[in-house]
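Colleague: Could you take me slowly through the enclosed spaces of this protein, with a close look at what lines them? Please write for someone in the first year of study.

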Amino acid sequence: MKKVLISILFAVSALVSSAQGIKYNGEFGLQGSSVINKDLRGSYATLETCHGVQFGGNVFLGAGAGVAYATVTEDVVLPVFVQGRFYFSDQSKVRPFVTGRIGALIDPKDNLNPGFFFSPKVGVRISKFAVSLGYTCLNGTETLYVYGGVSTLKEIKNNFRANMITLGVSYILF
């Protein structure tokens with residue numbers, strides 16, 4: 001484990017030292033996700049922001065947060081995530097990219113603890129705007145409370161996995 005951490009540290013430091021023009025960058029976006037499981041239904045509309053560091057013209061690493069509305073359950077959840085993005089070109093106004101996010105959803109009402117999500121996407125940046133299409137996998141636990149008799153409250157935990165198709169648009173600051 002120690003060797004793995006040291007290797008990661010050296011790789012990140014080599015990337016940082018070799019990158020030309022390290023600078024701040026950020027984005028604001030709107031994302032829609034639709035569940036494609038046979039046994040689940042629903043969709044999410046998410047308003048989000050992500051801020052981080054642009055290494056040269058091709059690599060972005062950042063952290064973000066947002067507010068997501070679940071249409072079926074009418075729950076509001078708060079996604080928090082880390083994001084990496086790689087642009088295939090840094091010389092044109094039209095720049096294709098791949099991006100990925102890993103994060104968690106926080107439920108302020110605490111009746112749904114969705115757990116963690118992973119979301120790889122492909123997209124294109126045109127000037128300061130980006131459009132992306134991807135897949136999101138959400139693994140979590142839903143906690144339900146039911147009455148089990150005369151004034152006894154019973155807790156039921158239901159594990160689930162939601163597979164979603166995601167479409168997003170973003171405005172990129174720099």
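**The cavities and their surroundings**

Modeller: Let me begin with the lining of the second largest cavity, whose residues divide into 4 nonpolar, 6 polar and 5 charged. Please keep in mind that this is a predicted model. The second largest cavity holds about 80 Å³ of space, and of the 15 residues that line this cavity, Arg85, Arg101, Lys121, Ser132 and Ser170 are the closest to its centre. If you wish to find these walls in the picture, look at strands S1, S4, S5, S7 and S8, each of which supplies at least two residues of the lining of the second largest cavity.

This cavity belongs to a set, since a search of the whole structure finds 3 cavities of 30 Å³ or more. The largest cavity has a volume of about 200 Å³, and 17 residues line it, with Gln31, Thr46, Leu105, Phe117 and Thr136 lying nearest its centre. Two or more residues of that lining come from each of strand S1 (23–35), S2, strand S4 (76–87), strand S5 (94–106), S6 and S7. Sorted by kind, the residues lining the largest cavity are 9 nonpolar, 5 polar and 3 charged.

Next, consider the pocket. The largest pocket contains about 320 Å³ of space, and among its 16 lining residues the closest to its centre are Leu40, Arg41, Tyr44, Thr73 and Phe160. At least two residues of the lining are supplied by each of strand S2 (43–55), S7 and S8, and S8 gives the most, with 3 residues. The lining of the largest pocket divides into 9 nonpolar, 4 polar and 3 charged residues.

Finally, turn to the surface, where a nonpolar patch of about 1100 Å² is made by a group of residues that includes Leu30, Phe86, Val98, Val122, Leu133 and Ile165. Strand S7 (129–147) and strand S8 (153–172) are the elements that give two or more residues to this patch, and S8 gives the most to the nonpolar patch, with 3 residues. One member to look at individually is Val122, which is found in strand S6 (residues 112–126). Val122 has a relative accessible area of 47%, so it is classed as partly exposed, a class that lies between buried, under 20%, and exposed, over 50%.

As you go back over the picture, it may help to follow S8, which supplies at least two residues of the lining of the second largest cavity, gives the most to the lining of the largest pocket, and gives the most to the nonpolar patch as well.

How values were computed: Residues are numbered from 1 along each chain as its sequence is written. This is a predicted model: local features need pLDDT of at least 70, side-chain atom pairs count only at pLDDT 80 or more; totals for chains, interfaces and linings use all residues. Side-chain values use heavy atoms; hydrogens and water are left out. Patches are made of residues with over 30% relative accessible area and no salt bridge: like charges are joined within 9 Å, nonpolar side chains (Val, Leu, Ile, Met, Phe, Trp, Tyr) within 5 Å. Accessible areas come from the Shrake-Rupley method with a 1.4 Å probe; for residues, only the protein chains shown count as cover. A salt bridge is a side-chain nitrogen of Lys or Arg within 4 Å of a carboxyl oxygen of Asp or Glu. Helices (H or I, at least four residues) and strands (E, at least two) are DSSP runs, numbered from the N terminus. Buried means under 20% relative accessible area, exposed over 50%, partly exposed in between (1.4 Å probe, protein chains only). On a 1 Å grid over the protein atoms alone, a cavity is a set of points where a 1.4 Å probe fits but cannot get out, and a pocket is an open set with protein on both sides within 12 Å along at least five of seven lines; lining residues have an atom within 4 Å of a point. Grid points are joined across faces, edges and corners, and a volume is the space filled by probe spheres set on the points. Ala, Val, Leu, Ile, Met, Phe, Trp, Tyr, Cys and Pro count as nonpolar, Asp, Glu, Lys and Arg as charged, and the others, Gly among them, as polar.
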